[in-house]
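Here is a short briefing for a reader who is new to this structure. Please look at the sequence and the model first.

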Amino acid sequence: METATKKHSTPKTSVKMTGAEAIVKCLITEGIDTIYGYPGGAIMPVYDAMYDYKDQLKHILTRHEQGAIHAAQGYARVSGRVGACIATSGPGATNLVTGIADAQIDSTPVVCVTGQVAKHLLGTDAFQETDIISISTPVTKWNYQITKASEIPKVMAKAFYIARSGRPGPVLIDITKNAQLEEFDFEYEKCTGIRSYKPEAEVQENQLKAAAEIINQAKKPFIVFGQGVILGQAEKEFKAFIEKTGIPCASTLLGLSALPSSHPLYVGMVGMHGHYAPNKLTNECDVLIAIGMRFDDRVTGDLNTYAKQAKIVHFEIDPAEISKNVKADAPVLGNVNKSLVKILPFIKENKHESWMNEFKKLSTEEHNIVINDELTPKGNDITMGEVIKEINSVTHGEAVIVTDVGQHQMVACRYSEFNKTKSNITSGGLGTMGFSLPAAIGAKMAAPEREVISISGDGGIQMNIQELGTILQNKVGVKILILNNEFLGMVRQWQELFFDKRYAETPIMSPDFVAVAKGYGIEGRCVTDRKNLKAAIKEMIDSKEAYVLEVKVEKKGKVFPMVPAGASVSDVILK
């Protein structure tokens, strides 16, 4: 293990304690006040140690380890701090893997602590032994197995530093049972640097000038911004940059809420189910400025046709992302909260009114063909879009929206209004069904003063519906909206469009969700008629406690616009 630098941010004190107590002390020292998890044999000493620190470290007993990691993710995404979860060895550790992979691809800082069999049993196929280090290596930013108590302080300090620094991500620390039981002289200092690990590059003036020259000469510049703006805490810097340049900008899925939806330069969301204008005009701009985004395939479509006419300016913290998918003509490496400030003196004040009008024209076309029918339908069936519209009218864009994965996710992200940053919490890169409910629990605990709404489909909600028990036990006031179309809707849409309407295993039967909620002591209501929708949503939002609202929506609705998989973004279809 690399040694940390000798800068001290906390005074050294030496106290005799067990490894288990040391783990708890490390968590508290690093600012963790809430940890999600599930006990078991190999982690029991740490749980026993936590018993004496209940006033400093609140443990939330989830009903499944996947629920624990997703809750930690939701907590991290809304708070902007490192989330934490804990599990036992074997199945406890492996149940975390999906959430760890989700956190890795979506750059969410989480520290996971797992128990492990005693050192002398490693490699013997002991009860509940799995090699979680090998299993988790591809999906963690860093992992490490502790086999003796004396390793704990430096390893834990390093874990938190790596998780939160640079491009954030998940770290897993596996600790053998003997290391938890051993006593040693504990002293702790936070890690402030690691030799050979440079979390972010210093912004180079020559890169800024090269980027600024391209931006200043552009006639049809276009900005696509991502979650890097939020992770870099650069919302104000980003707003200042776009307002000086006058450049229209669009968000990736994870970038939503970095800029208020109502901003006059905001032209919508890019991606497979993004808005028509930003997708279509990507291939007509002369300069494409990517800020804190990684050119995911859902954004680019066919790379062979993506923005080939444009010069590419890429603001990015991770050097591995520069020219990985799309070649950058002017890369700007570094944290965007620094680079956007430093480039402003080199940028000319500008407006691009005629170019902006092209976005407005295509936006009007999308409204006429798609959005008006979705938000103000003429048929009898309730649409997902009109449900989101009613939520906007009650919450005024102030709520935290936590979506699952599927049609409802795309509809919610397309139509939700966001006035505050860190308001859109969703599984982007991995697309993890079952994410929303536990992530919303963590989000609500991170921001108890905010309205937090979990939005799921009838398929995704059943993947982690057991976390209603976590809500029951901890009295978490999260609102749970289930948009029920009796299908695995997104897969069904693809089957209709690309598989000759062969609906293989997409119709799904579900329980009475309101009755299930009642079994967990949670109030609920089911809406099947449009005339009851507005009142039901208001009742849900007005509730001081958790609430489940099921809305029966049209069974075969489709989400448009859509860029077919592998197609050019220019081939976006409206219906």
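The points below cover strands, aromatic rings and backbone details.

This is a predicted model. One open sheet has six strands, paired in parallel. A search of the whole structure finds 13 aromatic pairs. A right-handed β-α-β unit is made by S19, helix H22 and S20.

**The six-strand sheet**

- The strand order is S3-S2-S4-S5-S7-S6, and the sheet is open.
- Strand S3 (58-61) and strand S6 (142-146) stand at the edges. Each has a single partner strand, so one side of each is left without a neighbour in the sheet.
- On average, neighbouring strands of this sheet are turned by 20° against each other, direction ignored.
- Strand S2 (residues 34-37) runs parallel to S3, and four bridges join the two. Within this pairing, Ile35 has His59 in S3 as its bridge partner.
- Helix H3 (residues 65-79) lies across S2, strand S4 (83-87) and strand S5 (110-116). The helix runs at about 170° to S4.

**Strands S18, S19 and S20**

- Strand S20 (residues 547-552) is mostly covered, with five of its six residues buried.
- Six bridges pair S18 with S20 in the parallel sense. One contact to look up is Asn484, whose bridge partner in S20 is Lys552.
- Strand S19 (residues 523-527) also pairs with S20 in the parallel sense, over five bridges. Here Arg525 stands opposite Leu549 in S20.
- Helix H22 (residues 533-542) belongs with S19 and S20 to the right-handed β-α-β unit.

**Aromatic rings**

- A pair of aromatic rings is described by the distance of the centres and the angle of the planes.
- Among the 13 aromatic pairs is the one formed by Phe222 and Phe359, which is tilted. The rings are 5.4 Å apart, centre to centre, with 40° between the planes.
- Phe222 lies in strand S9 (residues 221-225) and Phe359 in helix H15 (residues 353-375), so the pair ties together parts that are 137 residues apart in sequence.
- Phe222 is buried, at a relative accessible area of 0%. Phe359 is buried too, at 2%.
- Phe487 and Tyr503 form an edge-to-face pair, 6.0 Å centre to centre, with 65° between the planes.
- This pair links distant parts of the chain, 16 residues apart. Phe487 sits in the loop between strand S18 (479-484) and helix H20 (489-498). Tyr503 sits in the loop between H20 and helix H21 (513-519).
- Phe487 is buried, with 11% relative accessible area, whereas Tyr503 counts as partly exposed at 21%.
- Phe487 has a further partner: Arg492 lies over the face of its ring, at 5.8 Å from the ring centre.
- Ring pairs also link Phe184, Phe186 and Tyr188 into a cluster.

**Backbone details**

- Most residues other than glycine have a negative phi, and most peptide bonds are trans.
- The peptide bond from Phe560 to Pro561 is cis, with omega near 0°. Pro561 lies in the segment after S20.
- Ala307 has a positive phi, near 50°. This residue lies in the loop between helix H13 (297-300) and strand S13 (311-316). Ala307 is buried, with a relative accessible area of 4%.
- Lys422 has a positive phi as well, near 55°. Its place is in the loop between helix H17 (407-415) and strand S16 (424-425). At 17% relative accessibility, Lys422 counts as buried.

Definitions and conventions. Residues numbered from 1 in each chain as written. Predicted model: local features only at pLDDT ≥ 70, side-chain atom pairs only at ≥ 80, totals over all residues. Heavy atoms only, no water. Pairing = 2+ DSSP bridges. Axes fitted to C-alpha atoms, helices over the stretch in contact; angles between N-to-C directions. Contact = heavy atoms within 4.5 Å. Phe/Tyr/Trp six-rings, centres within 6.5 Å; stacked < 30°, edge-to-face > 60°. Buried < 20%, exposed > 50% of the residue type's maximum accessible area, 1.4 Å probe, protein only. Lys NZ or Arg CZ within 6 Å of the ring centre and 35° of its normal. Right-handed = clockwise from strand over helix to strand, strands pointing away.
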